[in-house]
Amino acid sequence: MIRRIALLCVLLALPALAQTTLNGAGATFPNPMYQKWFSEYHKAHPDIQFNYQSIGSGGGIRQVLAGTVDFGASDGPMSDEQLAQYHGKLLHIPTVLGAVVPAYNVAGVTQELRFAPTTIANLCLGKITNWNDKAIAKDNPGVKFPDKTIILVHRSDGSGTNYIFTDYLSKVSPEWKDQVGKGTSVKWPVGLGAKGNEGVAGMIRQMDGAFGYVELIYAVQNNIPYGSVQNAAGAWVKASLEGATAAAASVKTMPADFRVSITNAPGKDAYPISSFTWFLIPAESKDAAKGKILVDFLNWMLDNGEKMTNDLAYAPLPDNVAAKVRDAIKQVR
């Protein structure tokens, strides 16, 4: 008994394990994947905690530029002008591939719907306002649509999902490109705004007649129907890991800074609203110890994290991209 008490006193006297917290903020698009990674990494390294705030890509870019986080995350690559605001070098590190889907809620319609590029663009421009519009009927022969007003739901916050979707619209619709354009934040011609993929998914699920866009995992997790999209080759493709991978395969030469768009990619199997998503990592960390942790985490991501992607409806980095990312990580200090 005396020995046990003595041992307990020794253990209580030992200093608590030092905890290091890395703070990050940004994209909601990959948030389910990131939370899984951060949790698993913490299990292997109990002294290291990641605090990631899913606030949208625009917020992530602003915070990393302000230096208030250790890393940011975005689904839309930063512009040259934004990068020029950073005092030092900021790296775009691709993490996974994801897909943005046209999600809908139309009571009484049980068939899986299809959406041509021009149909999606005209829905978002406010030129198609009713579910029984002839353009939607043309995409979906045999489907009986109700005489119901379409409620367009879009992101209200600065968002990488916005960037991916509007980048796609700008490629398939000259009218959208001229009137609205692409960006993490745009002025939507019509519709209701909601914050985050979570907010858009929640609003679509609650509102009969709704149409909007969310990252694939949010549609899957919320049991929201989402349609097939006609790709650049004319094929109707439903979002899938294979479709996102096929879109990525269209990039023959990956830019050294990894800033690349794969929306509306060629190829009959490519899902057209696919994208890489990126960590925004300072090459020179303010805290050298945190820089070393980031390097270790990023290598862990390549070795272990990429194997976890399929379960959450993301596609892993192609092998050739992963190899280039491993080299890029060596720049982080």
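**Close-up views of helix packing and pockets**

**View 1. Packing of helix α5 against helix α7.** In this predicted model, helix α5 (residues 117-125) and helix α7 (residues 160-172) pack with their axes 10 Å apart, at an angle of about 115 degrees. The crossing that α5 makes with α7 is left-handed. On the α5 side the contact is made by P117, I120, A121 and C124, and these are met on the α7 side by F165, Y168, L169 and V172. Sorted by class, the contact of α5 with α7 holds 8 nonpolar residues, with no polar and no charged residues.

**View 2. Packing of helix α2 against helix α12.** Helix α2 (residues 31-44) packs with α12 at an angle of about 110 degrees, and the axes of the two helices lie 11 Å apart. Because angles of 65 to 115 degrees count as roughly perpendicular, α2 is described as roughly perpendicular to α12. The crossing of this pair is right-handed. From α2 the residues W37, F38, E40 and Y41 take part, meeting I293, D296, F297, W300 and M301 of α12. The contact of α2 with α12 comprises 7 nonpolar and 2 charged residues, and no polar ones.

**View 3. Packing of helix α12 against helix α13.** The axes of α12 and helix α13 (residues 319-329) are 10 Å apart, and the angle at which the two helices pack is about 170 degrees. Since an angle over 145 degrees counts as roughly antiparallel, α12 and α13 are roughly antiparallel to each other. In this contact V295, L298, N299, L302 and D303 of α12 meet A322, V325, R326 and I329 of α13. By class, the contact of α12 with α13 has 6 nonpolar residues, 1 polar residue and 2 charged residues.

**View 4. The largest pocket and its lining.** The largest pocket encloses about 310 Å³ of space. Its lining is formed by 20 residues, among which G67, V69, Y86, P282 and K286 lie nearest the centre of the pocket. Two elements, α3 (57-66) and α12 (288-303), each give two or more residues to this lining. The lining of the largest pocket divides into 7 nonpolar, 7 polar and 6 charged residues. Helix α12 therefore appears in this view as a contributor to the pocket lining, and in the preceding views as a packing partner of α2 and of α13.

**View 5. The second largest pocket and its lining.** About 150 Å³ of space lies in the second largest pocket. The residues that line this pocket are L83, K89, L90, L91, H92, I93, A256, D257, F258, R259, A328 and Q331. The element that gives the most to this lining is strand β4 (residues 90-105), which supplies 4 residues. In terms of class, the lining of the second largest pocket consists of 7 nonpolar, 2 polar and 3 charged residues.

Terms used. Residues are numbered from 1 along each chain as its sequence is written. This is a predicted model: local features need pLDDT of at least 70, side-chain atom pairs count only at pLDDT 80 or more; totals for chains, interfaces and linings use all residues. Side-chain values use heavy atoms; hydrogens and water are left out. On a 1 Å grid over the protein atoms alone, a cavity is a set of points where a 1.4 Å probe fits but cannot get out, and a pocket is an open set with protein on both sides within 12 Å along at least five of seven lines; lining residues have an atom within 4 Å of a point. Grid points are joined across faces, edges and corners, and a volume is the space filled by probe spheres set on the points. Ala, Val, Leu, Ile, Met, Phe, Trp, Tyr, Cys and Pro count as nonpolar, Asp, Glu, Lys and Arg as charged, and the others, Gly among them, as polar. Axes are lines fitted to C-alpha atoms, for helices over the stretch in contact, and angles run from 0 to 180 degrees between N-to-C directions. Angles under 35 degrees count as roughly parallel, over 145 as roughly antiparallel, 65 to 115 as roughly perpendicular and the rest as oblique. A crossing is left-handed if the near helix is turned anticlockwise from the far one by less than a right angle, and right-handed if clockwise. Contact means heavy atoms within 4.5 Å.
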